[in-house]
Amino acid sequence: MKGDDGAAVNVWGELETLWEMVSDLPPAEREALLASHAVEGELRAELDSLLSRASAAEAFFDRLAAVVAEASHAAAFEGLQGDAAAVVQEDGSGSVDSDPLVGMTLGRYQIIERLGQGGMGVVYRALDLQLRRTVALKLLRARASNDARGKERLLAEARAAAALDHPNICTIYEIGETPEMGAFIAMGFYPGRTLAQALERGPLSLTTALDYVTQIARGLGAAHERGIIHRDVKPANVIVTADGVVKLLDFGIARMTDVDVSRDGVMPGTIAYMSPEQVTSRPLDQRTDLWSLGVVLYEMLAGERPFRGESAGAVLYAILEQPPPLVSTLRRDVPARIDAVVARLLATDPAHRYGSAEDVIAAVSSNRDEDGSPVLRAPALSKPHRPWARRTQYGVATLAVGAAIAIAIVSWPIVAKLARGNDQRTALASKEAVSPERTAAMDLYAQARREVLFRTDSGRRYARDLFQQAIAADSTFAAAHAGLALIALTPGDHSNRSIASAEASARTAVRLDSMSPEAHAALGRVLFSRYRLAEAEKHLKRAVELDGPQTDLREFLIWLYAFMDRRGEVLEQATLFERNKPGGAIAIAELARGLLVNGRCDEALAQLDRLKHLRPPPARAGNYAAQCYATRKQWPQAIDAMSRVAQTNEQANAYLGFMLARGGHTDSARVIRDRLLAQVSRGDGNAYGLAVVYAGLGDFDSAFEWFEKSYEDRSLRPDIMGPIFEDVRRDPRFEKLRAKLGIPNR
Amino acid sequence: MYVHRWSQGPILLTQTWPEVAHPAGANRESLERSVLDEMRGGDPAALGRFFSLVYDKLREIARAQRRRQPGFESLTTTSLVHEAFIKLFGSECRDFHDRAHFMAVAAMAMRQILIGHARRNAASKRGSGAATFSFEEVERALASEAGFVTPKAEALLALDRALDRLHDRSERQSRVVECRFFGGMSIDETATALGISSATVKRDWAIAQAWLHREIQRDLG
């Protein structure tokens, strides 16, 4: 009780006593008793006031109790179809309980109750009077009602979706149109709850989440096979039945009532599951569903959506520009491979996502790890959150492209909102957004980066063209210059001319943006090729530092240290790499290399074992495994591992020749030697490979002759410092090579 | 004394309950058990956690029930609360006092759920520009069969505000109203839950109704 209300409290206490005394008495007796107790003044007035309305109050509360029953019914009902409550608020359609359609018969359907309301219309539980079954009846709020052809097209598409027969897809019984109902869809009615409701109570267990994501992916896979895209995968469209079976709702009909992202006042939740290509109104393919699946998986595990914001504009910005934190940072039981699955689903560029829902299922169900091996990174995915002060040109460019796309394709209001935000970043982004040159350059850059990922010669050539076009569009674009530098260093083309041009590009990149990690990485890589190892180290370290702990650029630094025979630092950096890229196949392979060069072959093989489920495994994993076996003089295993790599990797043939020779298969080794000799004389082999085979055959004279040549043609590889070449390095002639390279003997 | 061992302090009356992080899946059950133990131990903070559990369970059951048997009659607050209790503690907990305490917390949770619902209903109407309702209009709506229309929602909101003021005068009386009204509990159940006599519950209930009736009338005008 309130202390500052002492008088009232006293009155209240007395009042209770008096009430007990007189409330049951007839008025006359009550009056007499109160008079005899000299109850008067304020206390008497209060008592009379309350007594006089006792019966009215009781009646009032009886009626109000009935309201409580109704409200509990309504509260229970609320959110039954996911975001019904939000939609009710949005369109102001008011109480969901006073729906005039309930009880009516439309066509052969008798409406029993309203289940909910979503962006696409109202859903009712209805009885199919003809077939005597319960259905969920969705009446579409067709925006295209004035456009008969458009509607026909949409209905045709929904009919295609209706042909889907899959346990994880909600069955569609009938799609049609009647004068009284308009367009409608009759579908299976599944007792259960939506995933949205399940998620209101917090995150799911890891097992449950992976089970659900697999089931959703199965449904999506079946649809994608028939060319049907869902377009609106979100928890409210996923029903989990009492038996734990997942049913995907609303297939292919999202388009029937497109949510207009450009409309001011769109609920932030409406676009939270949309892919970058969707919010920017770009062409969609099945991979848009995989993005949405990634958002759902993230939410199931983290209990929160990966892309959030107060307004639709803020959510849009997050989708385009702000990669969410790893799920494993939010809960401990999420293994690295699931982080990797989520990251791959949420790759901004659809090309970096899984190709199909089946791939997702495989990734989720196996304990394999992701291949996270981009030569150049996808900035939105792997770029760690950096303080804005350190985001310079490149960062602005990334922001700018998002904002520019938004301006060009989405619409003004959201961008205006974005720009009005008090966030310095958004303000800068909108200022930068007016440069169409930079936008075009960024697009070309992104495309080029994708080409590089294919690691083919034609891909590289195409990427080089794209980088050059990007530079033509915006000559101050540092990252594009850096990309050009790396392309120029293509293996097999280490002529002085291409190195010189690579160095020019890299130096331009650094000059344009001294804070660009890409620029420093490119320059470091070029200097590495020039055997200016100390300078290379400086720039590569700078690149890693600028890019943050999760950087892929660390790979360059690991190679450099391996080449410089700094084994401790190889392992140190490789350990950091793997720790910051949990589950990344390249990171795991590099960790194995770190262990291998330190002679810890058992541990290296244990790491590589984590990659054995990958199809195909990264080439270097097989290479390192073979080197581990070779170090242990287990030649058959080494040859087996290396011959697999050699099927797809020409360079591996040299190592295979080495291992065959050491394993006693001298004749086979000589065949390889002769092939390499022929290649070199044709001009498309390299000196290093030949040197390696000669070393394997014990012909050190020839080996060193070719090692000398490999110094010239820059084909010398860091593996030369690995344990399998120990006897090569014991030869006095190796000391000369070391001295030339400036690598001290340990 | 009406203040039972775990209902001390103003924490009971906060309008928005603090968010409680729920561990997922299997740990949940053991969490529910341990929270109950903590409550028995008299930890006031445990009440917040317990409340959150009860609140969630109530919502879940309400929805499930709604799915199974749509119809007003199937959904009394009492049956909801009882089912929540059984779901949360099952046969593990037969202690009548635990059950009664649970019921009191469940009543508070029901209050928040229902008021939350009423608030959303009213907000959606106000958003479309409708005026608020007078006491007379509210009384008329209460007497009608119109379903859960907005004047009824406004009545619940007015009751909620008045209950807050009643709490300032007499926490015990406000608690009695919660149990009787939002928890659907009988006089005797309320008495056990709050650790007071049935006579006191009866008297408090009567006085509180009259007082609240007057307050709501003043509030709505």
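I will talk about two places in chain A of this predicted model, a small sheet and a histidine in a loop.

Let me begin with the sheet, in which three strands of chain A are arranged in the order S7-S8-S9, forming an open sheet with antiparallel pairing. The edges are taken by strand S7, residues 192-194, and strand S9, residues 246-248, and because each of these has a single partner strand, one side of each is left without a neighbour in the sheet. From one strand to the next, the twist averages 25°.

If we look at the pairing in more detail, S7 of chain A and strand S8, which covers residues 238-241 of chain A, are joined in the antiparallel sense over three bridges, and here A:Arg193 stands opposite A:Val240 in S8 of chain A. What packs on the sheet? That is helix H8 of chain A, residues 206-225, which touches both S8 and S9 of chain A and whose direction makes about 40° with that of S9.

Let me now turn to the histidine. A:His665 lies in the loop of chain A that runs between helix H31, residues 652-662, and helix H32, residues 666-682. Is this residue buried or exposed? With a relative accessible area of 40%, A:His665 falls in between and is partly exposed.

As for its surroundings, once the neighbours within four places in sequence are left aside, A:His665 is in contact with A:Ile639 and A:Leu660. I would also point to A:Trp635, which is 30 residues away from A:His665 in sequence, while the C-alpha to C-alpha distance between the two is 10.0 Å.

Note on methods
Residues are numbered from 1 along each chain as its sequence is written. Chains are lettered from A and ligands numbered from 1 in the order in which they are written. This is a predicted model: local features need pLDDT of at least 70, side-chain atom pairs count only at pLDDT 80 or more; totals for chains, interfaces and linings use all residues. Side-chain values use heavy atoms; hydrogens and water are left out. Helices (H or I, at least four residues) and strands (E, at least two) are DSSP runs, numbered from the N terminus. Buried means under 20% relative accessible area, exposed over 50%, partly exposed in between (1.4 Å probe, protein chains only). Contact means heavy atoms within 4.5 Å. Two strands pair if DSSP finds at least two bridges between them. Axes are lines fitted to C-alpha atoms, for helices over the stretch in contact, and angles run from 0 to 180 degrees between N-to-C directions.
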